[in-house]
Amino acid sequence: MTATDHAIALTRIAARAASDKLGSDLVAFDVSEPLAITDVFLIVSASNERQVGAIVDAVEEALLAEKTKPARREGHGENRWVLLDFIDLVVHVMHTEERALYALERLWRDCPRIDLELPEPVDSSVS
């Protein structure tokens, strides 16, 4: 079994919203095979708690525009690791320190990665 087209489309919308708020190190895994509860994990890093909150808000707004609301939201009080559960998609917005500590990529490295189809970042130092 693989992630549904709908889950992948939501993932790309969420990734674009996170990227627009300067989320970094975005990676998505198709976890539909080992997990029956969701299709995709999207992991995003943020450099501080305010940015975590901004990314979470942007992802929720972008998916709400697609008529998709989170079934669950956890960790928003401290904004160090916020989990948004959209049933088919689970978004983890993590402070860079938490991301390094918990290393979710290691847990899911055997799962297929999903191409987020994000534009390449522009290096402003190159003229």
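What follows is a chat between a visitor and a guide about how the labels on this predicted model are earned.

Visitor: Let's start with the helices. Why are α1 and α2 called oblique to each other?

Guide: The axes of α1, residues 5–20, and α2, residues 49–64, cross at roughly 140°. Roughly antiparallel would need an angle over 145, and roughly perpendicular covers 65 to 115. The crossing fits neither, so the pair is oblique.

Visitor: How do you know that the two helices come together, and what is the hand of the crossing?

Guide: Their axes come within 8 Å, and the crossing is right-handed. On the α1 side the contact involves Leu 10, Ile 13, Ala 14, Ala 17 and Ala 18. Facing them in α2 are Ile 55, Ala 58, Val 59, Ala 62 and Leu 63.

Visitor: What makes up that contact by class?

Guide: It has 10 nonpolar residues, with no polar and no charged ones.

Visitor: On to charges. What makes Asp 57 and Arg 73 a salt bridge?

Guide: The cut-off is a side-chain nitrogen of Lys or Arg within 4 Å of a carboxyl oxygen of Asp or Glu. For Asp 57 and Arg 73 the closest N and O atoms are 3.5 Å apart, so the pair qualifies. Asp 57 sits in helix α2 and Arg 73 in strand β3, residues 72–74, so the bridge ties together parts that are 16 residues apart in sequence.

Visitor: Which other residue does Arg 73 pair with, and how do you know that?

Guide: That would be Glu 60: the closest N and O atoms are 3.3 Å apart, and the limit is 4 Å. Again strand β3 is joined to helix α2, since Glu 60 lies in the helix, and here the parts are 13 residues apart in sequence.

Visitor: Are these three residues buried or exposed, and why?

Guide: Buried means under 20% relative accessible area and exposed means over 50%. Glu 60 has 15%, so Glu 60 is buried. Asp 57 comes in at 36%, so Asp 57 is partly exposed. Arg 73, at 34%, is partly exposed too.

Visitor: How many salt bridges does the whole structure have?

Guide: A search finds 9 of them. One joins Arg 80 and Glu 98, where the closest N and O atoms are 2.9 Å apart.

Visitor: What makes that pair a link between distant parts of the chain?

Guide: Arg 80 is in the loop between β3 and β4, while Glu 98 is in helix α3, residues 96–102, and the two are 18 residues apart. Both Arg 80 and Glu 98 are buried. They also belong to a network of salt bridges that links Glu 49, Arg 80, Glu 97 and Glu 98.

Visitor: What is notable about the phi of Asn 79?

Guide: Asn 79 has a positive phi of about 55° without being a glycine. Its place is in the loop between β3 and β4. With a relative accessible area of 13%, under the 20% limit, Asn 79 counts as buried.

Visitor: And what about Asp 25?

Guide: Asp 25 has a positive phi as well, near 50°, and is not a glycine either. This one is in strand β1, residues 24–30. At 55% relative accessibility, over the 50% line, Asp 25 is exposed.

Visitor: Why is Val 44 called buried?

Guide: Its relative accessible area is 0%, and anything under 20% is buried, so the label follows. Val 44 lies in strand β2, residues 40–46.

Visitor: Which residues is Val 44 in contact with, leaving aside its neighbours within four places in sequence?

Guide: Among them are Ala 18, Leu 26, Ile 55, Val 93 and Met 94. Gly 23, Ser 24, His 92 and Arg 99 are on the list too. As for Glu 98, Val 44 is 54 residues away in sequence and 11 Å away in space, C-alpha to C-alpha.

Visitor: Last one: why is Thr 2 called exposed?

Guide: Its relative accessible area is 56%, and the label needs over 50%, so Thr 2 is exposed. Thr 2 comes in the segment before α1. Leaving aside neighbours within four places in sequence, Thr 2 is in contact with Asp 30 and Ser 32. C-alpha to C-alpha, Thr 2 is 23 Å from Lys 67, with their positions 65 residues apart in sequence as the separation.

Key:
Residues numbered from 1 in each chain as written. Predicted model: local features only at pLDDT ≥ 70, side-chain atom pairs only at ≥ 80, totals over all residues. Heavy atoms only, no water. Axes fitted to C-alpha atoms, helices over the stretch in contact; angles between N-to-C directions. Helix = DSSP H or I, 4+ residues; strand = E, 2+ residues; numbered from the N terminus. Parallel < 35°, antiparallel > 145°, perpendicular 65-115°, else oblique. Left-handed = near helix turned anticlockwise from the far one by under 90°. Contact = heavy atoms within 4.5 Å. Nonpolar A, V, L, I, M, F, W, Y, C, P; charged D, E, K, R; others polar. Buried < 20%, exposed > 50% of the residue type's maximum accessible area, 1.4 Å probe, protein only.
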